[in-house]
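The questions below work through the fold of one protein chain, taking the strand pairing as the starting point.

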Amino acid sequence: MGTNTHYSPSVRRLRVVVGDDHALVRSGLRTLLQRDNEFEVVAEASDGTDVLRVVEDQNPDVVLLDLGMPHLNGID
């Protein structure tokens, strides 16, 4: 993932939801993704139930998901 400093408003950014039960991991992933103008983190979620709600609300292109989360895991 490179840093794209020549962002053009006409280029559609990938809308991303980050789902992980560890706040530090979510924050780190958000920081890394936001450094590249090809991505837009539209929401974060801390458990599987929240991920489903956020995905329904935000309709992202990509969901980065922890496999071992409470309530519903990444596999469910």
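Q: In this predicted model, how many bridges join strand β1 to β3?
A: Strand β1 covers residues 14-19, and it runs parallel to β3. One of the bridge pairs places V16 opposite V62 of β3. The number of bridges that join β1 to β3 is four.

Q: What is the order of the strands in the open sheet?
A: The edge strands, each of which pairs on one side only, are β2 (39-45) and β3 (62-65). Neighbouring strands of this sheet are turned against each other by 25° on average, with direction ignored. The three strands pair in parallel, and their order is β2-β1-β3.

Q: Which helix runs at about 170° to β2?
A: Two helices have to be weighed against each other here. Helix α2 (residues 48-58) packs on the sheet and touches β1, β2 and β3, but its direction makes about 140° with that of β2. The helix that lies across β1, β2 and β3 at about 170° to β2 comprises residues 23-34 and is α1.

Q: In what sequence do the elements of the protein chain run from the N terminus on?
A: The protein chain holds two helices and three strands. Read from the N terminus on, these elements run β-α-β-α-β.

Q: What share of the residues in the protein chain is buried?
A: The accessible surface of the protein chain comes to about 5,000 Å², with 52% of that surface belonging to carbon and sulfur atoms. Counting as buried those residues under 20% relative accessible area, the share among the 76 residues of the protein chain is 26%.

Conventions
Residues numbered from 1 in each chain as written. Predicted model: local features only at pLDDT ≥ 70, side-chain atom pairs only at ≥ 80, totals over all residues. Heavy atoms only, no water. Pairing = 2+ DSSP bridges. Axes fitted to C-alpha atoms, helices over the stretch in contact; angles between N-to-C directions. Contact = heavy atoms within 4.5 Å. Buried < 20%, exposed > 50% of the residue type's maximum accessible area, 1.4 Å probe, protein only. Areas by Shrake-Rupley, 256 points an atom, 1.4 Å probe, with all protein chains shown as cover.
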